[in-house]
Amino acid sequence: MKAIVVGSGASGATIARELSKNGLEVLILESGGNFKPFTRHISWSEPFRKLGILGSASNINKIFPPMNSIKSSPDLALFRGITTGGCTVLTCGNLVRAEEGLHHIGLKLESEFQELENLIKVETFPENRWRPLSREMFKSAIKLGLDPESTPKAVNEKKCISCGLCELGCVKGARWDSKNFIDDACAGGATIKINSPVKKVIIEKGIVKGVETGSILGKNTYKSDLVVLAAGGIGSAQILENSGIETSPHLWADVVLTMGGIFKNAKMLKEPPMVWYSKQEDYILSPYVDILSHWFHKPWRKVSINDRVGMMVKLADSEEGKVDKQGKVDKKLSPKDRDTLKKASSMASLIMKESGVKGPYIQGMYNGGHLGGTFPLEAADVKNMRSEQLPSGLWVGDLSLVPRSQGMPTMLLAAAIGLRVARKILESMPDAAK
Ligand SMILES: Cc1cc2nc3c(=O)[nH]c(=O)nc-3n(C[C@H](O)[C@H](O)[C@H](O)COP(=O)(O)OP(=O)(O)OC[C@H]3O[C@@H](n4cnc5c(N)ncnc54)[C@H](O)[C@@H]3O)c2cc1C
Ligand code: SF4
């Protein structure tokens with residue numbers, strides 16, 4: 001039985017690993033190239049940044065090709081990893097159980113969360129390695145009644161050199177990413193083809209026959225008995241649309257807004273980002289130097305990286321956004337999003353103020369990198385993890401299935417969804433092994 005898995009991120013890698021472990025012949029098609037971390041020291045960019053030569057955030061892929069940006073409205077940019085490992089190679093390494101809106105449709109992922117946490121190994125980053133200012137801000141958050149806690153991380157503290165650049169790839173291999181699962185899948189017989197963007201699924205008489213890929217290098221078709229889309233909230237939606245299957249206008253992105261303050265020699269890049277977090281109803285707060293705002297946001301230009309302090313707000317945003325056949329995304333901040341961000345960012349500024357961080361507290365760029373909701377599960381789909389709308393042999397296995405925004409790190413959720421879908425595939429085909 002031949003299976004094509006589209007995408008090698010948190011979901012795709014987990015699915016490929018599980019299917020190949022159980023005897024299926026798996027081909028992973030990945031749109032991007034092999035991932036390489038950003039290796040230059042960040043200080044090279046300072047003179048260019050101060051002069052504004054780096055331009056806008058859409059230039060990120062000139063500096064760091066694996067990171068792709070899409071402007072979804074005049075003031076919102078969405079980021080994703082188009083490379084082996086997908087977004088997992090760009091994460092801060094946070095690994096938490098996010099499950100907003102899932103119990104409501106009858107989906108409980110505890111056993112998948114547990115299994116994956118055991119595999120990936122979760123630990124918090126030791127407090128004695130936090131920057132003094134992060135410790136101070138943690139104390140202020142306690143005083144303000146925000147119940148902060150150390151962030152569970154997929155980071156091996158012993159290998160970590162505290163370079164702070166997790167989102168540009170980990171040169172030390174200290175932070176887990178889904179390439180580990182791809183390696184397991186390949187050890188089990190799977191193959192991966194990079195630079196192979198899938199355009200559409202080939203469907204004949206309601207049955208899946210394979211996929212078509214296309215790039216400037218030309219078109220290709222790959223035959224298979226089943227296809228699992230795990231190209232992320234935007235990528236999977238685009239492929240579905242091109243295959244004649246309508247997607248939902250409910251894209252969410254967990255919008256991030258970082259408030260910036262100033263503290264001489266804070267050197268916040270000398271720890272991994274987001275060492276602690278505070279969970280509030282619709283958002284989290286966490287210490288974070290926003291590199292994108294540092295590089296590209298004009299109002300942040302005057303402050304050096306050593307003195308820049310950031311407090312992130314990650315919002316569970318309104319699920320309102322649509323992806324089209326070309327991959328263009330239309331998504332704006334709703335009035336409710338703007339209201340919550342305003343409240344949350346005053347709290348972020350207050351934590352900094354209470355910790356001796358100087359103003360002016362200036363907001364960074366609105367951006368989002370947790371992408372889901374474009375093919376959401378309904379309660380009736382949960383039993384088989386599959387919508388009846390899909391033709392025979394086609395599955396969706398990523399955050400596209402998750403109906404609600406999370407306002408929380410989503411990598412573990414993406415992997416857990418992938419694992420559940422992979423097991424449902426195996427269950428539905430008891431004789432699937434080759
Ligand atoms: C900068 C950043 C930091 C983050 N930090 C954290 C964090 O610390 N903790 C956390 O839990 N979450 C974090 N996230 C979110 C998390 O990484 C993602 O939600 C999760 O990895 C999504 O998994 P996925 O499999 O759905 O999609 P992705 O990981 O995006 O994988 C999709 C894959 O499909 C490929 N693809 C896309 N289109 C096609 C196509 N047409 N054909 C073939 N392949 C295609 C892509 O190249 C990619 O490899 C972060 C995200 C970003 C952007
Ligand atoms: S801070 Fe640690 S985990 Fe993050 S990129 Fe640097 S070495 Fe890797």
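Which residues of strand E16 are buried on one side, and which on the other? The legends below, which describe a predicted model, begin with this strand.

**View 1. Strand E16 (308-315) and its two covered faces.** Arg308, Gly310, Met312 and Lys314 are buried on one side of E16, and Val309, Met311, Val313 and Leu315 are buried on the other. The strand is accordingly described as mostly covered, with 8 of its 8 residues buried.

**View 2. The strands that pair with E16.** E13 and E16 run antiparallel and are joined by 7 bridges. Within E16, lysine 314 stands opposite valine 256. E15 and E16 also run antiparallel, with 5 bridges between them. Here proline 287 has methionine 311 of E16 as its bridge partner.

**View 3. Helix H9 (residues 335-354) and the elements packed against it.** H9 has 20 residues, which at 1.5 Å a residue should span 28 Å; the end C-alpha atoms are 29 Å apart, so the two values agree. Asp337, Thr340, Leu341, Ala344, Ser345, Ala348, Ser349, Ile351 and Met352 are buried in this helix. The buried residues of H9 pack against helix H5 (132-143) and against four strands: E13 (256-262), E15 (283-287), E16 (308-315) and E19 (358-363). Just after H9, glycine 356 adopts a positive phi of about 85°.

**View 4. The largest nonpolar core.** In soluble globular proteins, nonpolar side chains tend to be buried together. The largest nonpolar core of this model holds 131 residues, among which Val6 and Val228 touch the most other members. Helix H10 (residues 411-428) gives the most to this core, contributing 11 residues. Apart from neighbours within four places in sequence, valine 228 is in contact with Ala3, Val5, Val6, Ile15, Trp395, Gly397, Val421 and Ile425.

**View 5. The surroundings of ligand 1.** There are 42 residues around ligand 1, and those that come nearest are Gly7, Gly9, Gly86, Gly235 and Gly369. Helix H1 (10-21), strand E4 (76-81), helix H7 (232-242) and H10 each give two or more residues to this shell. By class, the shell comprises 19 nonpolar, 19 polar and 4 charged residues.

**View 6. The surroundings of ligand 2.** Ligand 2 is surrounded by 14 residues, of which Cys160, Cys163, Cys166, Cys170 and Arg175 are the closest. The shell around ligand 2 has 9 nonpolar, 3 polar and 2 charged residues.

Note on methods
Residues are numbered from 1 along each chain as its sequence is written. Chains are lettered from A and ligands numbered from 1 in the order in which they are written. This is a predicted model: local features need pLDDT of at least 70, side-chain atom pairs count only at pLDDT 80 or more; totals for chains, interfaces and linings use all residues. A residue is near a molecule or strand if its C-beta atom, placed from the backbone, lies within 6 Å of it. Ala, Val, Leu, Ile, Met, Phe, Trp, Tyr, Cys and Pro count as nonpolar, Asp, Glu, Lys and Arg as charged, and the others, Gly among them, as polar. A nonpolar core is a set of buried Ala, Val, Leu, Ile, Met, Phe, Trp, Tyr and Cys residues joined through C-beta atoms within 7 Å. A residue is buried if 20 or more other C-beta atoms lie within 10 Å of its own, exposed if 12 or fewer, and partly exposed in between; C-beta atoms are placed from the backbone. Two residues are in contact if their C-beta atoms, placed from the backbone, lie within 7 Å. The expected span of a helix is 1.5 Å times one less than its number of residues. Two strands pair if DSSP finds at least two bridges between them.
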